[in-house]
Amino acid sequence: MRDATLCPIHPVISEAGYASLTVPTHRASTIVFPDAAAYATRGQRDLDGYSYGLHGTPTNRVLEAQLTALEGGQHTVLLPSGQAAIAVVFLAMLKPGDTVMIPDSAYPPVLGFCQNFLGPLGIGHRIYRPDAGDLAAQIDASVKLIWMESPGSTTMEVQDVPAIVALAGRHGIRTGIDNTWATPLLFKPLAHGVDFSMQALTKYVGGHSDLLMGSVSVADAGLRRLMRDQMRMLGLGVPPDAVALALRGIETMAVRLAHQGRVALEIAQTLSARGIGEVLHPALPSCPGHSLFKRDFAGASGVFSVVLPDATRLNAALDALRVFAIGASWGGTRSLMAPMTISRATPHPRNAKTILRLQIGLEDPADLRADLDAFCAILTPEKADV
Ligand SMILES: *Cc1c(COP(=O)(O)O)cnc(C)c1O
């Protein structure tokens, strides 16, 4: 062959005798087939096979299988973000005329998706209180999916997942949960009968604030097919280079999560004792759903909130931080603080209050405590000597 032909055709090299602890990054758009018959039947292959790079390469399959094992499921799909993962579950389950139930504590873009994307398609949504019994009363024949998030973003309500799954089962309704806070290391939704277990891998799996990805794990092949159909139509897949970052992150996730969970609880207890506000951490009795947390979870991760009765000096206190950074995400190595306002559709005792969400990273806890001392001294100077 001539040089111009030798350039694009890679020689086939044997992998015999090669073993590595790392997963190769297989990039691909085009997938080729050994013969014409295999090409002709490519669309009828099982969903673990390979037909086009968008639908996954062996690199993607490794992460899918690893998450499936952790979740105790049968199948996992990977999406370009946590938000996309939620959207694909909703689109897989809902058609015009249907309704989805979402908790008032959900990650806020979920409500935006329901209002601005699903609404114009004729798909309804209803908001239920995450910690109260108004879910059952709102269920009718149009409800096809009950979404959960436990603990809820920012306000940290722990939901009674087994009770909600039982309620859904009596009505033949599917259930899904955003399990980003706990990860399957601390809570296994599928073992409680939840149909869709979703995670923003962006957070604890990625672990280094440099990755966006989401996953949904299921125990039912039919549900995976419904999600894969949506992904195919929308052209959603994840690049193997990003998967490689997730595969690196997941190797250390258990150690990071254990450390971050332990330090976060210590800091939550310290802040609670200082009286700067109501500390919402599922492992503390003051958190709504604390008894459910003790019953269902294997431990806590590194994110919690404080409701601030007086936020007049909050900006000055934030600006004085030296170790904590100001930012809203979580799961990375750096500790973060994010000021937010609680805005609820349903009656809520803390509505319109300022809330501070903390993510604890991997810095030395003594440096975090020193930073918090300075923060609290500015925020609540009258309590500085506590
Ligand atoms: C970050 C987050 C998401 C969205 O994940 P992205 O990858 O940022 O889209 C969804 N749910 C929860 C609870 C999150 O913290």
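This passage describes a five-stranded sheet, a buried arginine in one of its strands and a pair of crossing helices, all in a predicted model.

The sheet is open and consists of five strands with mixed pairing, arranged in the order β8-β9-β12-β11-β10. Its edges are formed by β8 (278-280) and β10 (325-326); each of these has a single partner strand, so one side of each lacks a neighbour in the sheet. Helix α11, spanning residues 253-274, packs on the sheet and touches β8, β9 (303-308) and β12. The direction of α11 makes about 15° with that of β9. At the β10 edge, β10 runs parallel to strand β11 (residues 336-341), to which it is joined by two bridges. In this pair, I326 stands opposite M337 of β11.

Strand β12 comprises residues 354-359 and includes R357. This residue is buried but forms no salt bridge. The nearest side chain of opposite charge is that of E149, 7.0 Å away, whereas a salt bridge requires a separation within 4 Å. Beyond its neighbours within four places in sequence, R357 is in contact with T154, V303, F304, S305, A328, S329, W330, L336, M337, A338 and M340. M337, which faces I326 of β10, is thus named again among the contacts of R357.

Elsewhere in the chain numbering, helix α3 (residues 58-71) and helix α10 (residues 240-251) cross at roughly 40°, their axes coming within 9 Å. The crossing is left-handed. On the α3 side the contact involves T59, N60, V62, L63, Q66, L67 and L70, and on the α10 side P240, V243, A246, L247 and I250.

Conventions:
Residues are numbered from 1 along each chain as its sequence is written. This is a predicted model: local features need pLDDT of at least 70, side-chain atom pairs count only at pLDDT 80 or more; totals for chains, interfaces and linings use all residues. Side-chain values use heavy atoms; hydrogens and water are left out. Helices (H or I, at least four residues) and strands (E, at least two) are DSSP runs, numbered from the N terminus. Buried means under 20% relative accessible area, exposed over 50%, partly exposed in between (1.4 Å probe, protein chains only). Lys and Arg count as positive and Asp and Glu as negative; His and the chain ends are not counted. Contact means heavy atoms within 4.5 Å. Two strands pair if DSSP finds at least two bridges between them. Axes are lines fitted to C-alpha atoms, for helices over the stretch in contact, and angles run from 0 to 180 degrees between N-to-C directions. A crossing is left-handed if the near helix is turned anticlockwise from the far one by less than a right angle, and right-handed if clockwise.
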